[in-house]
Amino acid sequence: DIADVFVESTPEVFVQIAQSIVEPARRNARQSVTMNSLKQLGLAIHNYYDVNKHLPPRCLTDREGKPLLSWRVVLLPYLEQQALYNKIHLDEPWDSDHNKRIGETVIPALQSGELSSKTRFRVPVLPGSLWHGDGPPKQFKDVVDGTSRTVAVIHAPESAAVEWSNPAPWVLSADDPMSDVFGDRDRVTVVFLDGAARTYSRDELTNDKLKAMLTYAGREAID
């Protein structure tokens with residue numbers, strides 16, 4: 001039946017109390033945005049596949065094989081960004097005068113709670129992953145391990161954020177991918193090749209289990 005509660009506190013303690021109440025809500029909101037963005041990326045990959053009959057290339061290159069633009073660029077038409085895609089010069093690098101100005105555009109589907117032209121959605125590059133090597137783009141028939149067991153895109157640590165048009169590969173340690181994927185976080189969110197997004201805690205994974213999820217034809221057993 002108490003209508004009012006009065007709390008005496010120093011300013012420093014009050015700030016700590018307020019942060020302890022607000023921060024979980026902010027964290028949950030960011031997680032919701034991240035999960036939704038990953039699901040959009042998973043759907044975009046499938047829509048791209050339906051049209052092109054193969055997965056997106058890790059990057060667009062010139063005739064000599066020099067990387068020009070990120071895999072995220074070819075997904076723009078499937079992320080409700082056809083007009084932006086039409087403005088990009090596909091035969092120029094991401095940081096040319098023309099493309100760099102376009103690359104400053106904030107794309108909602110590539111955000112995870114922060115408004116920036118950079119993105120933390122990266123594809124894992126390590127031996128045996130979908131995005132390793134310079135060969136032709138993969139097809140679903142190549143995914144021996146199954147699309148529901150093969151990670152397509154990862155919400156990377158903040159230190160791994162790049163401009164969304166930047167083709168720089170996110171190369172993971174083959175011996176310790178956990179350190180690259182988690183960074184200083186306790187949880188990581190990924191989307192599998194079948195479009196399902198899921199969050200894992202550090203305690204749920206080991207390097208061996210993570211590598212099994214990151215490779216597409218290792219034939220590893222995953223619980």
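In this predicted model, the buried residues of helix 6 are covered by a set of elements that includes strand 5, strand 6, helix 5 (177–182), strand 9 (187–192) and strand 10 (197–201). The residues of helix 6 that lie under this cover are Leu 210, Ala 212, Met 213 and Leu 214, each of them buried. Helix 6 itself spans residues 207–214, and Asp 208 also belongs to this helix. With a relative accessible area of 59%, Asp 208 is exposed, because the cut-off for that class is over 50%. Computed along the sequence, so to speak, Asp 208 and Val 151 stand 57 residues apart; in space, their C-alpha atoms are separated by 14 Å.Stepping back to the whole molecule, the protein chain has 6 helices and 10 strands. Its C-alpha atoms fill a box of roughly 70 × 45 × 30 Å along the principal axes. Of the 223 residues in the protein chain, 41% are buried. Among contacts between residues at least 6 apart in sequence, 66% join residues at least 24 apart. The accessible surface of the protein chain amounts to about 12,500 Å², and carbon and sulfur atoms account for 50% of that area.

Charged side chains come next. Side chains of opposite charge can pair when their charged atoms come close. The count of salt bridges in this model is 2. One of them joins the side chains of Arg 58 and Asp 134, with an N to O distance of 3.4 Å. This pair links distant parts of the chain, with the two positions 76 residues apart in sequence numbering: Arg 58 sits in the loop between helix 1 and strand 1 (59–61), and Asp 134 in the loop between strand 5 and strand 6. The two partners fall into opposite classes of accessibility. Arg 58 counts as buried because its relative accessibility is 18%, under the 20% cut-off, whereas Asp 134 is exposed at 74%.

Another salt bridge is formed by Arg 198 and Glu 204, whose closest N and O atoms are 3.4 Å apart. Here Arg 198 is partly exposed, at 42% relative accessibility, and Glu 204 is partly exposed too, with a relative accessible area of 36%.

Lys 138 offers a contrasting case. This residue is found in the loop between strand 5 (124–125) and strand 6 (151–155). Lys 138 is buried yet has no salt bridge. What is the nearest side chain of opposite charge to Lys 138, and how many Å away is it? It is Asp 142, at 6.8 Å, and so the pair falls outside the 4 Å limit for a salt bridge. A polar atom of the Lys 138 side chain does, however, lie 3.3 Å from the backbone oxygen of Leu 130. Leu 130 is also among the residues that Lys 138 touches beyond its sequence neighbours up to four places away; the others are Tyr 49, His 54, Leu 55, His 132 and Tyr 216.

Finally, the surface carries a nonpolar patch made up of Ile 2, Val 5 and Val 7. Together these residues have about 370 Å² of accessible area. Val 7 lies in the segment before helix 1 (11–52), and its relative accessibility of 64% is the reason it counts as exposed.

Technical notes. Residues numbered from 1 in each chain as written. Predicted model: local features only at pLDDT ≥ 70, side-chain atom pairs only at ≥ 80, totals over all residues. Heavy atoms only, no water. Helix = DSSP H or I, 4+ residues; strand = E, 2+ residues; numbered from the N terminus. Buried < 20%, exposed > 50% of the residue type's maximum accessible area, 1.4 Å probe, protein only. Lys, Arg positive; Asp, Glu negative; His and termini not counted. Polar contact = N/O pair within 3.5 Å; in protein donor to acceptor, adjacent residues only side chain to side chain. Contact = heavy atoms within 4.5 Å. Patch = residues over 30% accessible without salt bridge, like charges linked within 9 Å, V, L, I, M, F, W, Y side chains within 5 Å. Areas by Shrake-Rupley, 256 points an atom, 1.4 Å probe, with all protein chains shown as cover.
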